[in-house]
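Welcome! Take a moment to look over the structure below, and then we will walk through one of its helices and the chain around it.

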Amino acid sequence: MVRRRKPTIRAVWLGQALREIRDEAGLSSKDAGAHLGCDASSIIRIEAGEMPVTSERLDLWLEMCGVSDPRRRSDLFTIRKDVGQTGWWDGYRADVAPLLMDRAWMESKAHAIRTVELTYLPGLLQTPEYAEALMRAWHPEVPDSGVESWVALRMNRQQILSKHRPIRFTTIISEHLLGSRTGGAKAMRVQLDRLLELSERPNIEVHVLPLGVTTGLGGSFEVFGLAKPYPEVAYAVIPAGDICLEGEPVEQLSEAYDRLLGAALDPAASRHLIIAERDKL
C-alpha cells in the first residue's frame, strides 16, 4: 500500500487562507463547490492542502468571495505558485520525513534564522562526520543508504549560508556541546575547526551559553524570518520529534531567544572558548 504523504506546510497555509476567505464570505463548502464546479469534498481537500489549486480556480475563488484587495490577491497567488515549487530537496523526498522537506524549503525562503541548540551543534554548521555520527546514534536501525541520504540532505541545506545573498544565521549553543566527542575526538576536532571557520563569516554569529545558565527550555528551537507573504515560523525540538509552530508560540520563543542571547558570550569570547575546547582534543 502506498502511504499518502502529508501536504507541505505551504499547501496547508494556502488552504487555511482559502478557508478563512470562504468563512468571511459566509459560504459553505457546498456553496463554494457549486460556484467552482466541484463537490464539497473537493473544497474540503483544497482547504486541507491535499488538492492543488490552479491559478484559474484561485482567481474564481477570490472572485466568489469578493476579495479585490491587490496585495491580498498577490500574496495568495505567490503562495499558490510556491506550493508547486520544486528544488534540489525534491531528490530526497522518498528517503526523509516530509517535515525535513518543509524545512529545506523554508530555509530557501528565509532571510534570517535564529537558533538555540541544547542537544547538538546546529545542522547548518555540521561536518559530514559529525552529522553521520548523530544519525547513527539516533537511528541505528537505518541502513547505510538512508544515513548517506540524510547526511547529503543536511550538507546541501548548508548552501544557504554561502549563496549570492546568504541568510543571516545566529546561533546560541550550550557550552557542554563543545566538550562532547560525537564521532570521536578526531571528528570532533574537525567539527570545532569548521565551527570556528564559519563563525568568521559576516553573516554568521555563534554565541556560547556558559555552563550553569538555566534556560528554562525543554529543548532546542529555531526561528525563521521568512520573506513575505509568509509569517515568522519556529521549529521546536521535543522528545517525539520536531514540531512547526506559528503565531503566539513563535513570539514566546523569540522572547526566550533574546533572554538567552543576553546571557550568552559574545562572538569573540565564544571563539576563545571553542578554541580552548578544540585544543583539548
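## What packs around helix H4

Helix H1 (9-24), helix H2 (29-36), helix H3 (40-47) and helix H5 (70-83) are among the elements that cover the buried residues of H4. Here a helix is a DSSP run of H or I with at least four residues, a strand is a run of E with at least two, and both are numbered from the N terminus. Buried means under 20% relative accessible area and exposed over 50%, with partly exposed in between (1.4 Å probe, protein chains only). Covering rests on contact, that is, heavy atoms within 4.5 Å.

This is a predicted model, where local features need pLDDT of at least 70, side-chain atom pairs count only at pLDDT 80 or more, and totals for chains, interfaces and linings use all residues. Residues are numbered from 1 along each chain as its sequence is written, and side-chain values use heavy atoms, leaving out hydrogens and water.

## The two faces of H4

H4 spans residues 55-64, and its buried residues are Leu58, Trp61, Leu62 and Met64. They line one face of the helix because, seen down the axis of H4, they fall within an arc of 160° (the arc of the directions from the helix axis to the C-beta atoms). On the face turned away from this buried side sit the exposed residues Glu56 and Glu63. After H4 comes Gly66, with a positive phi near 70°.

## The chain as a whole

The chain has 11 helices and 6 strands. Of its 281 residues, 43% are buried. Its C-alpha atoms fill a box of roughly 70 × 45 × 35 Å along the principal axes.
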